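Reader: Could you take me on a close look at one part of this model, the sheet and what packs around it? I'd enjoy one connected walk-through rather than a list.

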Amino acid sequence: MSHKITRREEMEKVKKGFAFHMYPDSLIEWCMDYDARVEGIKLCTPKDELELRLRLFKLIPPEKIPACLAKACQTYTQALNKKKNWNTYKIVKKIEDAYYEALEDCMPELLRLHEELCPDCPWNGWTIFSSEYEEGK
Ligand SMILES: [Zn+2]
């Protein structure tokens, strides 16, 4: 509880990568800035949901990411950095589509990975709040 992180230390290196449960209804998402997202979650999550949200939101170690997805993502971010005019926009759009396709193709692997890295998770395929909704209301 009393674990203090020096903010400056944390800010110096932005932690990014694929993350589980960046949003309550998201299994996997690219996270640009882990710490900023944690701050965001703390700001706008009701107290009784906060512990669960913070427990489940975690970066996936890069070496665990399926190769096909890692590659698509790399191409995608490279293309984004190049985005300058409508011509390149079209290329980026194509690569973006390929990225989402790769994400879908990798889903069985991602679900296995999720099982491994996210124990005791109430994720039911569309939300992390499933068990509470079923039991509570
Ligand atoms: Zn999970």
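**The sheet and its surroundings**

Author: Happy to. In this predicted model, three strands form an open sheet in the order β2-β1-β3, and their pairing is antiparallel. The edges are β2, residues 28-31, and β3, residues 58-59, each of which pairs on one side only. Strand β1, residues 17-20, runs antiparallel to β3 and is joined to β3 by 2 bridges. Along that pairing, Phe-20 stands opposite Lys-58 of β3.

A good residue to stop at is Cys-31, which sits in strand β2. Is Cys-31 buried or exposed? Cys-31 counts as buried because 22 C-beta neighbours lie inside 10 Å, and the cut-off for buried is 20 or more. Its C-alpha atom is 6.1 Å from that of Ala-19, although the two residues are 12 apart along the chain. Setting aside residues up to four places away in sequence, Cys-31 touches Lys-16, Gly-17, Ala-19, Met-22, Arg-37 and Leu-59.

Met-22 makes a good second stop. With neighbours within four places in sequence left out, Met-22 is in contact with Glu-29, Cys-31, Arg-37 and Phe-57. Arg-37 is thus found on the contact list of Cys-31 and on that of Met-22.

Now for the nonpolar packing. The largest nonpolar core holds 11 residues, and Cys-31, Ala-19 and Met-22 are among them. The other members are Phe-18, Phe-20, Leu-27, Ile-28, Phe-57, Leu-110, Trp-123 and Ile-128. Strands β1 and β2 each supply at least two residues of this core, and the largest share, 3 residues, comes from β1. A second, separate core has 5 residues, including Leu-69, Ala-72, Ala-102 and Leu-103.

Between β1 and β2 there is a loop that holds His-21. What is unusual about the backbone of His-21? His-21 has a positive phi of about 50 degrees, although it is not a glycine. His-21 also counts as buried, because 24 C-beta neighbours lie inside 10 Å of it. Asp-120 offers a useful counterpart: this residue, also not a glycine, has a positive phi of about 55 degrees. Asp-120 is in the loop between α6, residues 107-117, and α7, residues 130-136. Asp-120 counts as exposed, because it has 6 C-beta neighbours inside 10 Å, whereas the cut-off for exposed is 12 or fewer.

Two members of the second core, Ala-102 and Leu-103, lead us away from the sheet to helix α5. Together with Tyr-99, they are the buried residues of α5. These three cover an arc of only 95 degrees around the axis, so they lie on the same side of α5. On the other side of α5 there are exposed residues, among them Trp-86, Lys-90, Asp-97 and Glu-104. What covers the buried residues of α5 includes α4, residues 67-82. The 20 residues of α5, 86-105, should span 28 Å at 1.5 Å a residue, and the end C-alpha atoms are 28 Å apart, which agrees.

Stepping back, the protein has 7 helices and 3 strands, and from the N terminus on its elements run α-β-β-α-α-β-α-α-α-α. Of its 137 residues, 13% count as buried. Among contacts with a separation of 6 or more, 56% join residues 24 or more positions apart.

Definitions and conventions
Residues numbered from 1 in each chain as written. Predicted model: local features only at pLDDT ≥ 70, side-chain atom pairs only at ≥ 80, totals over all residues. Pairing = 2+ DSSP bridges. Helix = DSSP H or I, 4+ residues; strand = E, 2+ residues; numbered from the N terminus. Contact = placed C-beta atoms within 7 Å. Core = buried A, V, L, I, M, F, W, Y, C linked by C-beta atoms within 7 Å. Expected span 1.5 Å × (residues − 1). Arc of directions from axis to C-beta.
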